[in-house]
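Work through the exercises below with the model open beside you. Try each task before reading its solution.

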Protein chains: 2
Amino acid sequence: MRFSKRTEDVIDSFIMKLISVSKEEGMISFATGLPDKRLFDTKGIARAAASVFEDIDHARDMLQYGTIKGVLPLREKIAARCRKEMNVNVSEENIFMINGSQECFDLIGKMFIDKGDNMIVDDPGYLGALQSFSLYGPNFTGIRMNADGPDTLQLMNALKKDPKLYYSIPNHQNPSGISYSPDRRKEVAEIMSSSECIMVEDDAYGELGYEGRAGPPVRSMTDNVILTGSFSKVISPGMRVGWMIVPDEMEDMTMKCVESSSLHANTFSQHVMNSFLEQNDLDAYLRRQRKEYKRKCGLMLDLLDDTLPKEIEWNTPNGGMFIWMKLAEGRDAMRLFDSALKKKLVVMPGRPFHINGGMNTIRLNFATAGDEEIKEGVKRLASAYGGLF
Amino acid sequence: MRFSKRTEDVIDSFIMKLISVSKEEGMISFATGLPDKRLFDTKGIARAAASVFEDIDHARDMLQYGTIKGVLPLREKIAARCRKEMNVNVSEENIFMINGSQECFDLIGKMFIDKGDNMIVDDPGYLGALQSFSLYGPNFTGIRMNADGPDTLQLMNALKKDPKLYYSIPNHQNPSGISYSPDRRKEVAEIMSSSECIMVEDDAYGELGYEGRAGPPVRSMTDNVILTGSFSKVISPGMRVGWMIVPDEMEDMTMKCVESSSLHANTFSQHVMNSFLEQNDLDAYLRRQRKEYKRKCGLMLDLLDDTLPKEIEWNTPNGGMFIWMKLAEGRDAMRLFDSALKKKLVVMPGRPFHINGGMNTIRLNFATAGDEEIKEGVKRLASAYGGLF
């Protein structure tokens with residue numbers, strides 16, 4: 001097979017492989033980014049899916065080809081929420097519905113990155129996005145994530161290399177769980193507003209702050225940002241309903257590239273999502289989701305406290321789905337990954353998320369597993385660690 | 001905006017623009033590739049959409065992230081149909097579910113085309129696919145479509161330039177309506193089997209032959225083919241359920257590129273489609289679709305016979321959705337497009353489908369419009385043509 005040169009640049013993601021491994025009999029997984037499927041409102045989505053067929057003219061139009069930007073009432077709802085909850089001044093005209101965030105990253109890479117272009121990313125950063133961008137051959141520069149957000153000195157230095165894009169997750173970052181502090185948000189917005197580099201602000205976990213939003217998006221303070229969002233983490237990933245909010249000057253090119261790449265996103269899913277939002281109180285729904293994730297996070301934290309030795313450190317997340325763990329400096333977390341796998345527990349090694357270092361890190365997802373699995377899984381983790389180093 | 005160099009290569013498609021224009025008040029459209037929305041089985045799809053929620057465990061898994069290749073029972077059904085109806089010897093392992101054919105073309109371009117690579121296409125060829133491939137910067141070589149399929153002498157000559165891909169639609173081609181003859185299928189298969197060039201065989205209209213399949217796919221005679229299919233033309237385009245069948249040696253790279261570009265296709269739509277196929281007799285369903293398209297095609301042909309002057313020629317389709325029209329040599333069909341638009345009829349000029357020539361051609365879709373619109377639309381077309389040249 002004579003594949004294109006760009007395929008040589010794709011980095012391996014592990015993500016889908018780990019999803020496969022996680023499905024093996026008796027396996028417990030803390031490895032993936034899967035939300036808790038017990039929290040999906042199957043009845044509510046079923047009701048929404050029934051209602052979109054009630055009017056035959058509506059059903060026919062929904063099943064027909066649609067427009068490039070996607071379903072208008074859904075885009076209006078997202079725009080309204082952006083204005084009200086996030087202080088982001090956008091209209092539905094800036095919003096493109098896309099088959100999940102991953103396709104947003106592919107489109108953005110396609111639109112901006114030529115092989116060898118510089119691009120800034122969080123270090124550690126979200127592996128799925130790095131994989132998506134990697135197909136277009138950028139040179140990644142990693143910016144260290146401090147406890148309050150990106151190291152802005154490193155960011156300013158990296159901007160001197162004239163990068164096209166800066167990809168970052170300001171809320172409950174995957175994998176580190178870190179959220180930008182208010183000061184860091186302002187500082188990043190100021191830095192970006194005087195740069196030609198466009199920030200790709202991934203807000204996948206923005207609605208999953210246990211005490212509400214961690215802070216306003218950088219996009220609320222500067223226009224030089226593509227803001228991506230998704231219903232995957234809070235409503236359903238299988239429906240693949242994501243979106244991106246693009247600066248006005250990008251609108252025409254985005255039209256062209258979405259048309260060229262997919263014609264338009266799935267209109268059936270979008271209409272079902274739109275009806276779900278009409279028939280339910282999203283804020284009340286999100287409060288239930290956040291409460292349950294907070295509870296499960298607390299459960300895992302308590303168990304880790306009880307069973308793991310003091311030389312291992314981890315954070316206390318205030319949102320999202322992940323606990324970020326650090327073994328003592330110099331220890332190889334891949335050995336813990338291997339040892340845990342033998343005990344039928346899958347964890348996610350942190351190294352692949354990093355541009356530099358990260359050998360001693362591990363990401364644990366507390367969202368996917370049920371309570372009993374969390375209990376048993378932490379036992380397996382402790383047992384896998386015991387005597388390893 | 002500092003877009004990537006590849007964006008400079010994207011050709012304009014008109015398709016979505018024409019869909020927008022077609023929605024204007026009082027406009028009749030023969031321009032797009034939209035199926036007849038009156039033929040969508042809204043009740044059957046509603047029933048399928050209800051049934052996927054009946055078992056809560058099934059519903060939860062359906063709404064969760066899925067696997068890269070897509071929903072297994074649906075892939076099994078497609079594989080079984082390929083073996084039974086098309087003599088294509090594939091297993092579900094060769095099948096990747098994709099969000100519509102357009103995304104297949106984007107993936108294939110991404111996997112194979114480096115800027116400047118040669119690529120062979122039908123001339124005229126399907127514009128949406130040409131647009132999709134164009135983002136990756138190939139040099140297109142057009143192969144003239146004769147009445148019985150591609151000019152194989154031209155094809156053999158074009159293969160001397162060592163092209164990576166050959167994109168073609170052997171059944172009821174868009175836009176020309178031409179199907180390969182049995183001899184031409186064999187000949188193309190022989191030519192491809194001794195070439196390193198991979199054929200991309202687009203079977204979007206294969207199920208829409210009025211008297212059944214026009215012939216076996218080239219893929220049934222040689223393995224050196226990527227076969228793409230879709231439910232868009234016969235069940236629903238808004239659900240974006242397409243697929244591609246790849247040679248064994250492409251499987252790993254396709255896994256990587258699908259994951260990188262979208263994680264996986266919409267599992268909700270796929271499950272609804274799978275239930276629809278379980279609950280309905282697809283062959284009986286397709287017979288009704290074909291019969292109605294044949295009737296509407298006949299209606300438009302009769303009206304054209306009655307109202308248009310003899311110097312205009314057109315084909316008699318035996319499948320698909322399009323009548324392909326040729327004005328007298330040297331006449332510019334864009335003038336007829338403009339004149340018709342003033343009378344509130346949208347037709348599709350043939351020029352953009354061509355690598356060479358085609359100035360005098362026009363594509364008419366008889367599927368989208370209702371009977372009364374077809375009657376009124378042909379009147380407008382005749383009136384727009386009158387006195388124009």
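**Exercise 1: Unusual backbone**

B:P124 sits in the loop between β3 (118-123) and α6 (127-134) of chain B. Helices (H or I, at least four residues) and strands (E, at least two) are DSSP runs, numbered from the N terminus. This is a predicted model: local features need pLDDT of at least 70, side-chain atom pairs count only at pLDDT 80 or more, and totals for chains, interfaces and linings use all residues. Residues are numbered from 1 along each chain as its sequence is written, chains are lettered from A in the order in which they are written, and side-chain values use heavy atoms, with hydrogens and water left out.

Task: Which peptide bond joins B:D123 and B:P124, cis or trans?

Solution.
- Step 1. Read omega: it is about 5° between B:D123 and B:P124.
- Step 2. Assign the bond: it is cis.
- Step 3. Turn to chain A. The bond from A:N174 to A:P175 is also cis, with omega near 15°. A:P175 belongs to the loop between β6 (165-168) and α8 (182-193) of chain A.
- Step 4. Check phi at A:R240. The value is near 50°, positive in a residue other than glycine. A:R240 lies in the loop between β8 (225-230) and β9 (242-245) of chain A.
- Step 5. Set this against the usual case. Most residues other than glycine have a negative phi, and most peptide bonds are trans.

**Exercise 2: Symmetry and confidence**

Task: What turn lays chain A on chain B?

Solution.
- Step 1. Superpose by least squares on the C-alpha atoms of residues with pLDDT of at least 70 in both copies.
- Step 2. Read the result: a turn of 180°, a shift of 0.0 Å along the axis and an RMSD of 0.0 Å. The two copies are thus related as by a two-fold rotation axis.
- Step 3. Check confidence. Mean pLDDT (the predictor's confidence in each residue, from 0 to 100) is 96 for chain A, and 100% of its residues reach 70 or more. For the complex, the predictor gives an ipTM of 0.97 and a pTM of 0.97.

**Exercise 3: The interface**

Task: How many residues of chain A are in contact with chain B?

Solution.
- Step 1. Apply the contact rule: heavy atoms within 4.5 Å. Then 80 residues of chain A touch 80 residues of chain B.
- Step 2. Compare the two sides. Of the interface residues of chain A, 100% are also interface residues in chain B, so the copies meet through the same surface.
- Step 3. Count salt bridges (a side-chain nitrogen of Lys or Arg within 4 Å of a carboxyl oxygen of Asp or Glu). There are eight between chain A and chain B. In one, B:R2 pairs with A:D162, with the closest N and O atoms 2.8 Å apart.

**Exercise 4: A bridge within a helix**

Task: Where do A:E292 and A:R295 lie?

Solution.
- Step 1. Locate both: they are in helix α11 (residues 282-307) of chain A, three residues apart, about one turn of the helix.
- Step 2. Inspect the side chains: A:E292 and A:R295 form a salt bridge at 2.9 Å, N to O.
- Step 3. Place it in the total: 58 salt bridges over all chains.
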